[in-house]
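Got the viewer open? Let's take a walk through this one, picking a few selections at a time and looking at what turns up.

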Amino acid sequence: MNDEEKGKQFLELIDEQNNLQWSIVVKLSSLISSKWNSIELQNELTTLVENHSKITKELNGLD
């Protein structure tokens with residue numbers, strides 16, 4: 001992969017990671033509002049955090 005492709009992939013991953021971070025904040029706020037009683041929100045938040053972790057690992061692997 002050349003530098004231009006790496007740069008493009010990096011920016012795409014950063015954008016995706018940013019979108020996930022906002023989604024995590026929204027879900028977490030909703031979960032707090034539900035007094036932590038929503039299993040659906042808990043599951044959605046878990047999935048978002050897992051996806052964020054994958055992207056972070058991928059970003060860290062770009063050289």
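How many salt bridges does the structure hold? Just 1, and keep in mind throughout that this is a predicted model. To find the bridge, select Lys27 and Glu44 and show their side chains: they meet at 2.5 Å, N to O. The pair ties together distant parts of the chain, with Lys27 sitting in helix H1 and Glu44 in helix H2, 17 residues apart. Colour both by accessibility if you like. Lys27 counts as partly exposed at 25% relative accessibility, and Glu44 is partly exposed too, with a relative accessible area of 25%.

**Next: helix H2**

Select residues 39-61, which make up helix H2. Put a distance label between the end C-alpha atoms and you should read 33 Å. That agrees with expectation, because 23 residues at 1.5 Å a residue should span 33 Å.

Now, which residues of H2 are buried? Pick out Leu41, Leu45, Leu48, His52, Ile55 and Leu59. Look at the spacing as you click along them. An α-helix has 3.6 residues a turn, so residues three or four places apart point the same way. As for what lies over those buried residues of H2, the cover includes helix H1, residues 3-33.

**Then: the core**

Select Leu13, Leu20, Ile24, Leu31, Leu41, Leu45, Leu48, Ile55 and Leu59 and show them as spheres: these 9 residues are the largest nonpolar core. H1 and H2 each supply at least two residues of this core, and H2 gives the most, with 5. As background, nonpolar side chains tend to be buried together in soluble globular proteins.

Stay with the core and zoom in on Ile24. Which residues does Ile24 contact, leaving aside its neighbours within four places in sequence? You'll find Leu45, Leu48, Val49 and His52.

Slide along H1 to Gln17, which is also in that helix. Is Gln17 buried or exposed? It's buried, because its relative accessible area is 12%, under the 20% cut-off. Show what's around Gln17, again skipping neighbours within four places in sequence, and you get contacts with His52, Ile55, Thr56 and Leu59. So His52 shows up in the contacts of both Ile24 and Gln17.

**Out to the surface**

Switch on the surface and select Phe10, Leu11 and Ile14. Together they make a nonpolar surface patch of about 280 Å². Ile14 belongs to helix H1 and is partly exposed, at a relative accessible area of 34%.

**Last stop: the loop**

Finish in the loop between H1 and H2, where you'll find Lys35 and Trp36. What is the phi of Lys35? It's positive, about 60°, although Lys35 is not a glycine. Click on Trp36 and there's another positive phi in a residue other than glycine, near 65°. For context, most residues other than glycine have a negative phi.

Check how these two sit at the surface before you close the session. Lys35 is exposed, with a relative accessible area of 63%, while Trp36 is partly exposed, at 48%.

Key:
Residues are numbered from 1 along each chain as its sequence is written. This is a predicted model: local features need pLDDT of at least 70, side-chain atom pairs count only at pLDDT 80 or more; totals for chains, interfaces and linings use all residues. Side-chain values use heavy atoms; hydrogens and water are left out. Helices (H or I, at least four residues) and strands (E, at least two) are DSSP runs, numbered from the N terminus. The expected span of a helix is 1.5 Å times one less than its number of residues. Buried means under 20% relative accessible area, exposed over 50%, partly exposed in between (1.4 Å probe, protein chains only). Contact means heavy atoms within 4.5 Å. Patches are made of residues with over 30% relative accessible area and no salt bridge: like charges are joined within 9 Å, nonpolar side chains (Val, Leu, Ile, Met, Phe, Trp, Tyr) within 5 Å. Accessible areas come from the Shrake-Rupley method with a 1.4 Å probe; for residues, only the protein chains shown count as cover. A salt bridge is a side-chain nitrogen of Lys or Arg within 4 Å of a carboxyl oxygen of Asp or Glu. A nonpolar core is a set of buried Ala, Val, Leu, Ile, Met, Phe, Trp, Tyr and Cys residues joined through side-chain atoms within 4.5 Å.
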